Amino acid sequence: PFKEQIQFADDMQEFTKFPTKTGRRSLSRSISQSSTDSYSSAASYTDSSDDEVSPREKQQTNSKGSSNFCVKNIKQAEFGRREIEIAEQDMSALISLRKRAQGEKPLAGAKIVGCTHITAQTAVLIETLCALGAQCRWSACNIYSTQNEVAAALAEAGVAVFAWKGESEDDFWWCIDRCVNMDGWQANMILDDGGDLTHWVYKKYPNVFKKIRGIVEESVTGVHRLYQLSKAGKLCVPAMNVNDSVTKQKFDNLYCCRESILDGLKRTTDVMFGGKQVVVCGYGEVGKGCCAALKALGAIVYITEIDPICALQACMDGFRVVKLNEVIRQVDVVITCTGNKNVVTREHLDRMKNSCIVCNMGHSNTEIDVTSLRTPELTWERVRSQVDHVIWPDGKRVVLLAEGRLLNLSCSTVPTFVLSITATTQALALIELYNAPEGRYKQDVYLLPKKMDEYVASLHLPSFDAHLTELTDDQAKYLGLNKNGPFKPNYYR
């Protein structure tokens, strides 16, 4: 073994002889380029920036001869199908819902137009809706989060899907329009994430909008827009706010972010978190999840908050609540999750220290004022897929991830199991609104009934081999509850 050691030392020397200075930049660039492109979004093996021809220019047909879709490359369908099958393994609740309701087809006649992240997990939802009798047309609610091969698999299976990773702003609206505007097909249900689709139908196709039976919306941002419409008296259809249902808030927002924030940051920057100073803007469910993960790795976490209740929760959890201005000069990472706009302004960005990492975990890309960085005096350098260095005249760099869009979906993956919970909730909300008798839901925004929340949760318990205790008649009477639920009052959050 001693000999081998010497041998090894020689090799080391051999290695250091190479001139590192000049070649290093391009070498690291090419390594990082290839390694991140192949894994940048879950299993996507295509980086959107490489292709010459826009999917809009291509003529593609699936094996059944239909060309009622627009995806990056229909040939990837087989790979995408594998991804969907893998996701199904961890989405047992949706599959059991599919099996239970397949006979009675509760969505027969539903024409659902959807706008969500298009990933293997959403594909399981879309195919469940189809199995329950719906016809679906789908587009992406985020220009970076689409898994091209999954979109291809959906198109191959006959879903009219219009989406690819790395769409332009113009492509984004074109895709939404193609979903809604189809001769001889008129949507009667909307499933939205972020409210862009609802907004588009409301503005461009008021006649379609009036005839919609119901809207299901799953993000803070989209729900906020629905309440605005409702306040102005312009919401002429019932809408279901899935975002604030307990199963979505606690799981998708809290646990999902707790598990995916570090993944997104590590994949893009390989940052070490021990001892780093991080400021998290917003201590709602997403903020709570992010902070729990960061704290566990030994980061020093600051919180900014506008709401005294959330601020007090942050204090009780051991975090310093500060104003962004007070810590902006010293922090190493800034994470926004407020659902608001202009939380990190150009002034903040100007005061950050060199190589500070800036990213967003909220739905829309308005939280960080990225537009203010597109000025002549600043240089943008793309160092990896989804990672930009913005360089100030004095040489200071700020590391911006996913151009201020949703970090976990743009740069890493989200745990399938959590998405199963949200997707099951969405499916039940669609079934509920579509089958509701005339007059049960007025033209307003509704929360999902607690009974359904509890049903979703119970569908997920078997995968943990968890056994629920049942109340005796006496106990149920004592608590004033029905033995079968709902166990929580309607106002429970």
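Gly-133, which follows α5, has a positive phi, near 110 degrees; helices such as this one are DSSP runs of H or I with at least four residues, strands are runs of E with at least two, and both are numbered from the N terminus. The model is a predicted one, in which local features need pLDDT of at least 70 and side-chain atom pairs count only at pLDDT 80 or more, while totals for chains, interfaces and linings use all residues. Residues are numbered from 1 along each chain as its sequence is written, and side-chain values use heavy atoms, with hydrogens and water left out.

The helix α5 has 12 residues, which at 1.5 Å a residue should span 16 Å, and its end C-alpha atoms are indeed 16 Å apart; the expected span is 1.5 Å times one less than the number of residues. Of these 12 residues 11 are buried, among them Gln-121, Glu-127 and Thr-128, where buried means under 20% relative accessible area, exposed means over 50%, and partly exposed lies in between (1.4 Å probe, protein chains only).

The UniProt annotation "binding site", from an unreviewed entry, covers Thr-119, Asp-193, Glu-218, Lys-248 and Asp-252; UniProt positions are given in the numbering used here, feature names are shortened, and annotations may be inferred rather than shown by experiment. Two of the annotated residues are set out below.

| Residue | Loop between | Relative accessible area |
|---|---|---|
| Thr-119 | β1 (111-116) and α5 (120-131) | 5%, buried |
| Asp-193 | β4 (189-192) and α8 (196-204) | 4%, buried |

Leaving aside residues up to four places away in sequence, Thr-119 touches Ser-145, Gln-147, Val-150 and Leu-409, a contact being heavy atoms within 4.5 Å. With the same exclusion, Asp-193 touches residues including Cys-115, His-117, Cys-141 and His-363, as well as Glu-218, which also belongs to the annotated set.

In helix α13 (residues 308-316), the buried residues are Cys-310, Ala-311 and Ala-314. They lie on the same side of α13, because they cover an arc of only 100 degrees around the axis, the arc being that of the directions from the helix axis to the C-beta atoms. An α-helix has 3.6 residues a turn, so residues three or four places apart point the same way. The other side of α13 carries the exposed residues Pro-308, Ile-309, Leu-312 and Met-316, whereas the cover over the buried residues includes α12 (285-296), β8 (300-304) and β9 (320-321). At the start of α13, a side-chain oxygen of Asp-307 comes to within 2.7 Å of the backbone nitrogen of Ile-309, and just after the helix Gly-318 takes a positive phi of about 90 degrees.

How values were computed. Polar contact = N/O pair within 3.5 Å; in protein donor to acceptor, adjacent residues only side chain to side chain.
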